[in-house]
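Work through the exercises below with the sequence and the model open. Try each task before reading its solution.

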Amino acid sequence: MTSEPGRRVLDPEHDGAAFKALTHPLRIELLGLLRQHGPATASELAARTGESSASTSYHLRVLAKYAFVAEAEHRDGRERRWKSVHAVTSWSNEAMHRAPGGRAALGALRRRQLEHLERSLARHEADLESGRLDSAWQEPSGLNDSLLRLTPESLTELWDVLAAKTAELAARDAADTRAEQVVVFTAGLPLAPEPPVASAGSATTEGSAHTGENAPADGNAPADGAAPVDGRAS
């Protein structure tokens with residue numbers, strides 16, 4: 001697997017220890033904060049997370065051991081500053097399922113992403129309510145869940161199209177003063193057919209939910225509390 005600029009592609013066969021290090025909730029939170037806000041000291045990150053400086057310092061050293069973070073330029077000689085080495089971490093799901101312990105690590109990382117979604121939603125709502133975000137963001141923001149019938153090839157194509165379009169829009173808006181950080185969550189989770197469930201006095205029913213809120217346009221930046229990860233390595 002070949003990493004591209006700004007993206008680190010992990011190989012589950014050789015990077016098992018790095019995966020394990022990344023699944024720790026505080027470590028992925030620290031990595032996300034560095035990716036969003038830029039270089040910081042252990043003390044600054046402790047203030048953001050509510051942890052002790054000793055704790056954040058220890059976990060930053062673990063992240064540095066596995067090359068997720070590195071020392072940044074120091075403002076002075078009193079305290080070490082850290083920066084994220086890459087903007088995104090990705091891997092091959094197929095390789096993860098083959099690797100010993102890979103499924104458990106993948107599940108842990110995905111649950112960290114769900115926690116990130118919950119925190120991001122709460123922050124988004126608070127930012128709109130307080131006026132920190134302009135009301136122009138009300139209409140395009142939101143969540144969307146769709147139930148589609150696709151082949152594996154079509155789902156792969158959908159991921160590729162989304163990746164290309166988000167990169168295009170992020171590049172276009174990079175210098176626009178109106179641009180804000182936008183957290184974009186995407187999920188493509190195939191589901192096997194469920195066995196029929198017969199209810200008393202009625203025919204077998206099958207239901208699906210679809211909410212019609214608009215999906216956000218783009219933003220390849222993490223919100224507080226999680227590092228952007230992508231389970232599909234190219």
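**Exercise 1.** In this predicted model, check whether the length of helix H7 agrees with its number of residues.

*Solution.* Step 1: H7 has 22 residues. Step 2: the expected span is 1.5 Å times one less than the number of residues, so H7 should span 32 Å. Step 3: the C-alpha atoms at the ends of H7 are 32 Å apart, which agrees with the expected span.

**Exercise 2.** Find out how the buried residues of H7 are placed around its axis.

*Solution.* Step 1: list the buried residues of H7, which are Leu155, Trp159, Thr166 and Leu169. Step 2: look down the axis of H7; these residues fall within an arc of 110°, so they line one face of the helix. Step 3: recall that an α-helix has 3.6 residues a turn, so residues three or four places apart point the same way. Step 4: turn to the other side of H7, where Glu153, Glu157, Ala171 and Arg172 are exposed.

**Exercise 3.** Decide whether leucine 148 is buried or exposed, and say which surface patch it helps to make.

*Solution.* Step 1: locate leucine 148 in the loop between helix H6 (102–130) and helix H7 (152–173). Step 2: exposed means over 50% relative accessible area; leucine 148 has 53% relative accessibility, so it counts as exposed. Step 3: together with Leu150, Leu158 and Leu162, Leu148 makes a nonpolar surface patch of about 340 Å².

**Exercise 4.** Describe the protein chain as a whole.

*Solution.* Step 1: the chain has 7 helices and 6 strands. Step 2: along the sequence they follow the pattern β-α-α-β-α-α-β-β-β-α-α-α-β. Step 3: of its 234 residues, 31% count as buried.

Notes
Residues numbered from 1 in each chain as written. Predicted model: local features only at pLDDT ≥ 70, side-chain atom pairs only at ≥ 80, totals over all residues. Heavy atoms only, no water. Patch = residues over 30% accessible without salt bridge, like charges linked within 9 Å, V, L, I, M, F, W, Y side chains within 5 Å. Areas by Shrake-Rupley, 256 points an atom, 1.4 Å probe, with all protein chains shown as cover. Salt bridge = Lys/Arg side-chain N within 4 Å of Asp/Glu carboxyl O. Helix = DSSP H or I, 4+ residues; strand = E, 2+ residues; numbered from the N terminus. Buried < 20%, exposed > 50% of the residue type's maximum accessible area, 1.4 Å probe, protein only. Arc of directions from axis to C-beta.
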